[in-house]
Amino acid sequence: MNKDEIENLITLSSDLRWKIGDDFHDSLAEGIYADASEISSASVSKDNKKKKFRLDAKIDRIVTSKTWGFPIMFLVLALILWITIIGANYPSAMLADVLLDVVHPFLKGLAASIGMPWWLDGFLIDGIYLAVAWVIAVMLPPMAIFFPLFTLLEDFGYLPRVAFNMDYLFKKSGAHGKQALTMSMGFGCNAAGVVATRIIDSPRERLIAIITNNFSLCNGRWPTQILIATIFIGAVVPSSLSTVASMSAVIGIAILGIFFMFLTSWALTKTVLKGEVSTFNLELPPYRPPRVLKTIYTSLIDRTLIVLWRAIVFAAPAGAVIWLISNIYIGNESIAAWTIDSLDSFGFLLGLNGVILLAYIVAIPANEIVIPTILMLTVLVTGVTGGEGAGIMFELDSVNATGDLLRSGGWTLLTAVNLMLFSLLHNPCSTTIYTIYKETNSLKWTTVATVLPVIMGFVVTFLVAQIWRLF
C-alpha cells in the first residue's frame, strides 16, 4: 500500500470509530457476558430445588446498591476517622511528653555539661531533634490506627466494591473505572497511587489518573487535616460535638478531593486529553475473613513504620534548614523572618500567612513535615523559644498547647480552613514528582501534574478568603 492508501485507511477507521458510538465497548462487553451466560445455561445443569443462601451476594446487593452504596462508603470512612481522631490524641500527648518534656531537656543538659557550643547545640537538638520528635509525636499514633483499619478493609474485600460504586462517575468524567483503585491507593501514598496506574491499559486514561492522583489525601496529609480540624473546627461547637465536627470536616476535605479529581479528569478529557472511555470489566472478589493479627503486623511494618522512617529522613534536614534560616541574619532580620514578611501579603490574600507558605516551600520533600515546620516557624514569629537562638520548637505537650501557639501566631478559623484546603490542593511531594516523571517519561506532564494543583489551591483559597471576609 502506498502512503495515500494508508492515510485513507486511517481516516476511514477514525470515522467509523466515532460512528459506532460511545457505548460500543460496553455493548461488546455485555454481549460477551451474555453469550457466556447462554453457553453456561445450555451446558450446565442446576438443581433449582436447592438454592443455597449466599451471604456475599446479599452483602453485595446492599454495599453496591445505588441507594446504599455511597452512604455506606462515607459511613465507613467516618468510622475509621472517628476511631483515628479519638484514639490518636492520648498516645500523641504521651509521646510529646516524653520526647519534648523529658528527652529534649536531657539532651540540652548533656550538651551544656560537655561544653557544646550554642550553635551546634541549637543545630542538632533544637533543629534536627525537635523536628524529628514532633514528626514522631504527631504522625505515629494516627498512622498506627488509620493504616491497619484501612488495610483490614482491603483484606476483607471491600475496596473493589468502592471501585464498582465509583465506576459510573469515573466514566462520566472521561476517566477509567480502574482509577477508583489507584485513587484508593493514593489515600495511602500518592507515589504508590501513581505506580498503581499501570493497571490502566489506555495511555490517555492512565495519564489522567497520574495527573489527578494528588487529589487523594495521602498519609502525609491526614495528620495535618486531623490536627487542624481538632484544634479549630472542633472548637466552634460544644465540646460534646467537637469530635463529630472535626471528623466531618476531614471527611468533607476528602470528598472535596474526589470532586476535584472528577472535575479535573473531565476538564482534561474535554481539552488536551480527548478520547473515548475504555470499558472496565470488574469481577468482584469474594469476601474473606480478615487475618487481623497478620494484617495489623504487615500494615504497621509495611506502611506505618516505613512511612514514618521516610518522614524522619526528610524531617531531619528540614529541621536543620529551619534552624539555619532562623539564625542566619541579613541585616537585622533572619532569613526566615525576612521571607515570612515578604510572603505575608500574598498569604493574606489567600487567607493564609507567610509562615504557612514558607513551610510548604521547605516541606516540598515530604508532606509529613508541614506541621513541624509551621510550628517551628511560628515560634520564630511569636518569639517563643526554649533557649539560645531562634527557630526552636515550642515544647508542646497537648493539642490545646498546639492550638494556643498557633493562635498566638495570628491564626483564625479562616486560616485553619484554608490550610486544610491548601493541604489538599498543592504540589505533590518530591517523591511523587519523581515517580510521575519516571512513569510518564515526560517533563511536560510532570510539570502539569506538579503545577496544576498549586494553581487550583491558590484560586480556591483566594475565593474562600474573599467570600469569607465579605460575610
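The exercises below, each with a worked solution, go through one protein chain from its overall make-up to single residues.

The model is predicted, so local features are taken only where pLDDT is at least 70 and side-chain atom pairs only at pLDDT 80 or more, while totals for chains, interfaces and linings use all residues. Residues are numbered from 1 along each chain as its sequence is written, and side-chain values use heavy atoms, with hydrogens and water left out.

**Exercise 1. The whole chain**

State how many helices and strands the protein chain has, and what percentage of its residues is buried.

Solution. Begin with the elements, which are DSSP runs numbered from the N terminus (helices are H or I with at least four residues, strands are E with at least two); the protein chain has 19 helices and two strands. Next, apply the burial classes, where buried means under 20% relative accessible area, exposed over 50% and partly exposed in between, with a 1.4 Å probe and protein chains only; buried residues make up 48% of the 471 residues. Finally, turn to contacts, meaning heavy atoms within 4.5 Å: of those with a separation of 6 or more, 79% join residues 24 or more positions apart.

**Exercise 2. Helix H6**

Find where the kink in H6 is centred, and describe the helix around that residue.

Solution. Helix H6 covers residues 159-172 and has 14 residues. From its first C-alpha to its last it reaches 20 Å, close to the 20 Å expected at 1.5 Å a residue, where the expected span is 1.5 Å times one less than the number of residues. The kink of about 45° is centred on methionine 166, the bend at a residue being the angle between axes fitted to the seven residues ending there and the seven starting there. Methionine 166 is also one of the buried residues of H6, which include Leu159, Arg161 and Phe170. After the helix comes glycine 174, whose phi is positive, near 85°.

**Exercise 3. The cover of helix H9**

Determine how many residues of H9 are buried, and which helices are included in what covers them.

Solution. Helix H9 runs over residues 203-212, and nine of its ten residues are buried. Among the buried residues are Arg204, Glu205, Ile208 and Thr212. The cover of these buried residues includes helix H7 (179-186), helix H8 (190-196), H11, H18 and H19.

**Exercise 4. Two residues in helices H11 and H18**

Decide whether isoleucine 253 and threonine 435 are buried or exposed, and list what each touches beyond four places in sequence.

Solution. Isoleucine 253 lies in helix H11 (residues 242-270) and is buried, with a relative accessible area of 8%. Leaving out residues up to four places away in sequence, isoleucine 253 touches Leu217, Gln225, Met420, Leu421 and Leu424. Although isoleucine 253 and serine 216 are 37 residues apart in sequence, their C-alpha atoms are 9.8 Å apart in space. Threonine 435, in helix H18 (residues 430-440), is likewise buried, with a relative accessible area of 12%. With the same sequence neighbours left out, threonine 435 touches Ala191, Val194 and Val195.

**Exercise 5. The loop after H18**

Work out whether asparagine 441 is buried or exposed, and what is notable about its phi.

Solution. Asparagine 441 lies in the loop between H18 and H19. At 63% relative accessibility, asparagine 441 counts as exposed. Its phi is positive, about 55°, although asparagine 441 is not a glycine.
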